[in-house]
Amino acid sequence: TAEAKQLVPGLAGVPAAESAISYIDGNAGVLEYRGYPIEQLAERSTFEETAWLLMHGQLPTKSQLDAFGRDLSAVRELPDGMLALLGAFPKTAHPMLVLQSAIAALGAFEREVRFGDEEDFRRAWLRILAATPTIVAAFERLRRGEQPVAPRVDLSHAANFLYMLNGEEPDEIAARVLDVALVLHADHTMNASTFAARVVYGTNAGPYDSVSAAVGALHGPLHGGANERVLRSLETIGSVENVRAWADQQFSSKGKIMGFGHRVYKVKDPRSFALQSLGDKMFAKLGHTPIYDVALELEKVVVERLGDKGIHPNVDFFSGIIYQKLGLPTDQFTPIFAIARAAGWLAHLHEQMQDNKLFRPGQIYVGEASRDYVPIDNRV
Ligand code: SDX
């Protein structure tokens, strides 16, 4: 194949695959999963239904959804060896590093997944989707010095995660808020972590290797790690009165303001709107949170200055405020993003499995011309 001569930094806009899973219009602010607008799915779907839709391309029938829920909850438990592994990490370890290690380790405890085998893939799909929340919750309990809480099979994906974290059933509002947040984070075309997963899977490595690689990519502050940093920025700002001074400082230092900007969206991320209205409903029921006012003021100040450059709030801007209101620790916001995005990553791997081609791009060489070896005594 002839090497393209034109470098495209960050492969911006370069199609890496054909995909039918999700669709973005970055100028119109549109996001659809298998053709269904994200706003309708956030309003009317659940994470389980959305995970099925992403994988199979159609909304499940009632019997398909019920069977999927049973199959999923049946494989939530972790083997003792995994709990010992999670207990071996220092309590100061970042939960994303623990999660990346644990996903690969989970694969080491499971039967081999033969590339291209549909039954093997389905088993891994269920296992990774079901066990990721258990891993996140178990490490959270262990680092707090508490015993992990075993998953239950009679609770939904979102409700069971909150149950494993707190040791008690969540109230309906909290479970539904988290469920909607998981729907909103489930897939997003060829983002960095999905691309990472597809690159690894392209070598015919397995789903555990590939999802572990995706977790690594998601950890970065330019990607999923932004949600944790947005909340820290809002806490640093502290009040509405301090927003402008803080933002001016960022503008003059040319720093990237976390939660703003996007490679594809040049308008406000539709998920940002959806999370904002989720927050409005939640705060109306559970009580207001002052940090939300700081966020709204920061959005106004940043968009005033950078809006015409196409810099607007992205999915990470409001999510942390909602997670904090649910009592979730700040450094668990990105693991929660991973719990949701596992549905998208695995749908992309299944799509790639149908017609796989090794990812091996080119480069433009800018190094030294060929030259002869110099014996060490002749080097200056
Ligand atoms: C996610 O890809 C996905 O779909 C990701 C995601 C998903 O669901 O998978 O949507 C989830 O990762 C959302 C993004 C979370 N990241 C952040 O909030 C971190 C802050 N955002 C920026 O780092 C940035 O906007 C990126 C990384 C998201 C996108 O960056 P690009 O496309 O590489 O663009 P760029 O960094 O080259 O910026 C272009 C210009 C630059 O100015 P100039 O040098 O041209 O003058 O816009 C400026 C940048 O300085 N800019 C910002 C900014 N984002 C871009 N300036 C201040 N603050 C920002 N946040």
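**Salt bridges and ligand site**

A total of 22 salt bridges was counted in the structure, which is a predicted model. Two of these pairs are described here, followed by the surroundings of the ligand.

One salt bridge joins the side chains of Asp120 and Arg114, with an N to O distance of 2.7 Å. The accessibility of each partner was computed. Asp120 has a relative accessible area of 3% and is therefore classed as buried, the cut-off for that class being under 20%. Arg114 has a relative accessibility of 45%; this value lies between the limits of 20% and 50%, so Arg114 is classed as partly exposed. The salt bridge thus links a buried aspartate, Asp120, to a partly exposed arginine, Arg114. A further salt bridge is formed by Glu228 and Arg232, whose closest N and O atoms are 3.2 Å apart.

The ligand occupies the largest pocket. Around the ligand there are 25 residues, of which His188, His262, Arg263, Arg271 and Arg341 come nearest. By residue class, the shell consists of 10 nonpolar, 8 polar and 7 charged residues.

Polar contacts to the ligand involve both backbone and side-chain atoms of the protein. On the backbone side, an N or O atom of Leu222 is found 3.0 Å from a nitrogen atom of the ligand. A polar backbone atom of Phe260 likewise lies 2.8 Å from a ligand nitrogen atom. His262, one of the residues that come nearest to the ligand, contributes through its side chain: an N or O atom there is 2.7 Å from an oxygen atom of the ligand. Of the 1,100 Å² of accessible area that the ligand has on its own, 74% is covered by the protein.

Conventions
Residues numbered from 1 in each chain as written. Predicted model: local features only at pLDDT ≥ 70, side-chain atom pairs only at ≥ 80, totals over all residues. Heavy atoms only, no water. Near = heavy atom within 4 Å. Polar contact = N/O pair within 3.5 Å; in protein donor to acceptor, adjacent residues only side chain to side chain. Areas by Shrake-Rupley, 256 points an atom, 1.4 Å probe, with all protein chains shown as cover. 1 Å grid on protein atoms, 1.4 Å probe; cavity = no way out; pocket = protein on both sides within 12 Å on 5 of 7 lines; lining within 4 Å. Sits in = over half its atoms within 2 Å of the grid points. Nonpolar A, V, L, I, M, F, W, Y, C, P; charged D, E, K, R; others polar. Salt bridge = Lys/Arg side-chain N within 4 Å of Asp/Glu carboxyl O. Buried < 20%, exposed > 50% of the residue type's maximum accessible area, 1.4 Å probe, protein only.
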